[in-house]
Protein chains: 2
Amino acid sequence: MRDSSLDMLQGTLDLLVLKTLTWGPAHGYAIVRWIQQLSGDQLIVSEGSLYPALHRLDERGWVESEWKISDAGRRARFYRLTPKGRAQLRAEHATWGRFVRAVSRVLEAESQPA
Amino acid sequence: MRDSSLDMLQGTLDLLVLKTLTWGPAHGYAIVRWIQQLSGDQLIVSEGSLYPALHRLDERGWVESEWKISDAGRRARFYRLTPKGRAQLRAEHATWGRFVRAVSRVLEAESQPA
DNA sequence: TATCATAACCTCGACCTTCGAGGTATACGG
DNA sequence: CCGTATACCTCGAAGGTCGAGGTTATGATA
């Protein structure tokens with residue numbers, strides 16, 4: 001049995017990654033730390049999830065990457081949003097909002113529907 | 001490529017099903033319709049997801065079932081929450097809340113963290 | 001009466017994601 | 001010189017969702 005809080009990441013990871021990239025190009029390691037920090041350690045993305053996700057986004061044309069030197073002086077692949085990626089982000093953000101509202105309506109219902 | 005709004009159901013379906021059962025025992029068919037109606041057609045649970053989910057909940061002792069006759073006069077398996085199921089519902093509800101808040105913090109962040 | 005829609009159940013395989021484990025390489029501090 | 005942090009990657013196991021397909025029975029309709 002897996003921890004359900006982790007399962008919930010499914011379908012949301014791409015959205016989170018795209019969002020982090022709106023702050024400018026970043027490499028995978030930084031993305032993980034940003035998400036972890038901003039979420040108050042609630043969302044901890046494993047590298048085994050992140051790198052496949054980044055490659056996915058790349059294949060779909062939502063991000064582009066380039067090898068550069070990081071702040072720490074090491075070679076790192078910097079990802080940045082493409083215009084298609086921005087559109088995708090807007091779409092997924094909207095979908096997320098609708099989804100949360102829909103779940104809330106069910107969770108907060110006082111009684112069964114007719 | 002799958003529709004990300006559907007992917008988001010992952011990890012949330014159990015929560016929704018447990019919630020619907022707080023309104024009293026129900027059979028699978030009714031659970032699907034309740035969720036669909038309350039969510040304003042946003043959440044449409046396929047039967048191929050629901051029945052495995054119900055069996056999962058049963059195995060874990062969160063629901064119990066009994067064959068009865070439905071309102072429509074057909075034989076149907078009625079599921080009801082167990083005490084363990086109620087506890088699980090409370091836990092998953094809390095987890096869901098934390099998760100949504102965590103994602104929101106990332107999505108609403110104006111700039112990258114330090 | 002034949003037929004269709006609805007109610008209600010179920011299984012199966014394809015597909016996808018996530019994760020943990022494992023592996024590589026380099027920079028820097030002690 | 002060695003450990004830690006940075007930074008990348010892959011792989012297999014595990015699990016969930018879905019669409020398609022199938023079954024039975026009721027009731028309405030043509």
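Where does A:Asp41 lie in chain A? A:Asp41 sits in the loop between helix 3 and helix 4 of chain A, and the last view below returns to this spot. A word on the model before the views: the structure is predicted, local features need pLDDT of at least 70, side-chain atom pairs count only at pLDDT 80 or more, and totals for chains, interfaces and linings use all residues. Residues are numbered from 1 along each chain as its sequence is written, while chains are lettered from A and ligands numbered from 1 in the order in which they are written.

**View 1. Chains A and B around a two-fold axis.** A turn of 180 degrees with a shift of 0.0 Å along the axis lays chain A on chain B with an RMSD of 0.1 Å; that is the relation of a two-fold axis. The fit is by least squares on the C-alpha atoms of residues with pLDDT of at least 70 in both copies. To find the axis, start from A:Gln10, the residue of chain A that comes closest to it, at 3.1 Å (C-alpha).

**View 2. The contact between chain A and chain B.** Here 33 residues from chain A meet 33 residues from chain B, with contact meaning C-beta atoms, placed from the backbone, within 7 Å. On the chain A side, helix 1 (4-7), helix 2 (13-20), helix 3 (28-38) and helix 5 (83-107) each give two or more residues. Helix 5 of chain A gives the most, with 11 residues. Helices (H or I, at least four residues) and strands (E, at least two) are DSSP runs, numbered from the N terminus. This side of chain A divides into 15 nonpolar, 13 polar and 5 charged residues; Ala, Val, Leu, Ile, Met, Phe, Trp, Tyr, Cys and Pro count as nonpolar, Asp, Glu, Lys and Arg as charged, and the others, Gly among them, as polar. Because 100% of the interface residues of chain A are also interface residues in chain B, the copies meet through the same surface.

**View 3. A:Ile35 in the largest nonpolar core.** Of the 51 residues in this core, A:Ile35 and B:Ile35 touch the most other members. Such a core joins buried Ala, Val, Leu, Ile, Met, Phe, Trp, Tyr and Cys residues through C-beta atoms within 7 Å. Leaving aside neighbours within four places in sequence, A:Ile35 is in contact with A:Leu16, A:Thr20, A:Leu43, A:Val45 and, from the other chain, B:Val106.

**View 4. The surface near DNA strand C.** Among the 29 residues around this strand, A:Gly48, A:Ser49, B:His27, B:Gly28 and B:Ser70 come nearest; a residue counts as near if its C-beta atom, placed from the backbone, lies within 6 Å. Helix 4 of chain A supplies the largest share, 6 residues. The surface has 12 nonpolar, 9 polar and 8 charged residues.

**View 5. The surface near DNA strand D.** Around this strand, A:His27, A:Gly28, A:Ser70, B:Gly48 and B:Ser49 come nearest out of 29 residues. Helix 4 of chain B gives the most, with 6 residues.

**View 6. The backbone at A:Asp41 and B:Asp41.** A:Asp41 has a positive phi of about 65 degrees although it is not a glycine, and B:Asp41 also has a positive phi of about 65 degrees. Most residues other than glycine have a negative phi. A:Asp41 is exposed, with 9 other C-beta atoms within 10 Å; exposed means 12 or fewer such atoms, buried 20 or more, and partly exposed in between, with C-beta atoms placed from the backbone.

Technical notes:
Contact = placed C-beta atoms within 7 Å.
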